[in-house]
Amino acid sequence: MQQILNFIIRNKNFLLFLLLFSISLLFTFQTRSYHRSKFINSANFLTGGVYNTANDVSAYFNLKSQNQLLAKENKRLNQLVFNTVIDTATYTASTSVNYKFNTAHIIRNSYTNSNNFLLINKGSNDSIKEDFGVISSLGVIGIVDHVSANYATVISILNSKSRISAKLKKTNHFGSLTWNGKSANTIQLTDVEKIAPVAVGDTIVTSGRSSIFPKDIPIGIVSNTTLDATENFHEIDITLFNDMTNLEHVYTIENVDKKEIKALLEGLNE
């Protein structure tokens, strides 16, 4: 208390000036409309800036929950898109239940080896199984390889052992998607018939000829094409839509008819 009194005594002239100055400002704002409006505008500007900054900070810390909501919404949209069949005769849409989607998060990713794998935070407890497809919002990522209770490994498309059926979007000519191990941004499409009209800039998508991926999931753009040694097939370089070095949110794909399809094909081989 004594220190407060000493402070007031030492600064009595300055404190008296502040008091009188504040009173004069108060009378000015009350009696002069112009000054009052300027003060209110300035106060609104300052408080608006404070609230805007506080909102930006709150939005930043809320990004994780917002991303999770977006991932769930994309999951719902994927199921709607890839389970809808268009009748080209009547141009009507019907819905099937061939594919189920689930969200997952990549917690480990390799892309510098010849055989790269990813690790996702979903496993058998989340109904994840081997041979589930894995995609992002931009396109194909890989195929589930091994599953534990809470995690699963994924064979990346940047893996020399990976084989995925893909096609030219404009013509439906298909081939096998492989990787030559040279670039994390470029993969190859082989075994495409020579008669297929391939051009730089063409879009490559999944063919739907396997029981893993629905058709027409994006993969990338043709960046170069040549003929193989026999000159019977195209060897096509594809620039990926995905940046495989920067992955986070993904979706797993389950073909609910896979067992039925597999049993039928095994019966043909017997």
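# Briefing: charges, loops and a surface patch

The protein has 5 helices and 14 strands. This is a predicted model. Of its 270 residues, 28% count as buried. The accessible surface comes to about 17400 Å², and 57% of that belongs to carbon and sulfur atoms. Take contacts between residues at least 6 apart in sequence: 55% of them join residues at least 24 apart.

**Salt bridges**

- Side chains of opposite charge can pair when their charged atoms come close.
- A search of the whole structure finds 2 salt bridges.
- One of them joins the side chains of Lys-167 and Asp-216, at 3.3 Å from N to O. Lys-167 lies in strand S8 (residues 164-168), while Asp-216 lies in the loop between strand S11 (203-206) and strand S12 (218-227), so the pair ties together parts that are 49 residues apart in sequence.
- Which partner is buried, and which is partly exposed? Lys-167 counts as buried, at 7% relative accessibility. Asp-216 is partly exposed, at 35%.
- Asp-202 forms a salt bridge with Lys-170, and their closest N and O atoms are 3.0 Å apart. Asp-202 sits in the loop between strand S10 (186-193) and S11, and Lys-170 in the loop between S8 and strand S9 (174-178), so this pair ties together parts that are 32 residues apart in sequence.
- Asp-202 counts as buried, with a relative accessibility of 12%.

**A buried lysine without a salt bridge**

- Lys-122 is in the loop between strand S4 (115-120) and strand S5 (133-135).
- Lys-122 is buried, yet it has no salt bridge.
- Why does Lys-122 have no salt bridge? The nearest side chain of opposite charge, Asp-126, is 4.9 Å away, and a salt bridge needs the nitrogen and the carboxyl oxygen within 4 Å.
- What lies 2.6 Å from a polar atom of the Lys-122 side chain? It is the backbone oxygen of Thr-103.
- Leave aside residues up to four places away in sequence. Lys-122 then touches Asn-102, Thr-103, Ala-104, Ile-128, Asn-150, Tyr-151 and Ala-152.

**A nonpolar patch on the surface**

- Phe-14, Phe-17, Leu-18 and Phe-21 form a nonpolar patch on the surface. Together they have about 410 Å² of accessible area.
- Where is Phe-14 found? Phe-14 is in helix H2, which covers residues 12-31.

**A buried proline**

- Pro-214 is in the loop between S11 and S12. Asp-216, from the salt bridge with Lys-167, is in the loop between S11 and S12 too.
- Pro-214 counts as buried, at 3% relative accessibility.
- Pro-214 and Gly-133 are 81 residues apart in sequence. In space, they are 9.1 Å apart, C-alpha to C-alpha.

**Positive phi angles**

- Most residues other than glycine have a negative phi. Two loop residues here have positive values.
- Asp-131 has a phi near 70 degrees. Asp-131 is found in the loop between S4 and S5, and at 36% relative accessibility it counts as partly exposed. Lys-122 is placed in the loop between S4 and S5 as well.
- Asn-172 has a phi near 75 degrees. Its place is in the loop between S8 and S9. Asn-172 is partly exposed, with a relative accessible area of 45%. The loop between S8 and S9 also holds Lys-170, the salt-bridge partner of Asp-202.

Notes: Residues numbered from 1 in each chain as written. Predicted model: local features only at pLDDT ≥ 70, side-chain atom pairs only at ≥ 80, totals over all residues. Heavy atoms only, no water. Helix = DSSP H or I, 4+ residues; strand = E, 2+ residues; numbered from the N terminus. Buried < 20%, exposed > 50% of the residue type's maximum accessible area, 1.4 Å probe, protein only. Patch = residues over 30% accessible without salt bridge, like charges linked within 9 Å, V, L, I, M, F, W, Y side chains within 5 Å. Areas by Shrake-Rupley, 256 points an atom, 1.4 Å probe, with all protein chains shown as cover. Lys, Arg positive; Asp, Glu negative; His and termini not counted. Polar contact = N/O pair within 3.5 Å; in protein donor to acceptor, adjacent residues only side chain to side chain. Contact = heavy atoms within 4.5 Å.
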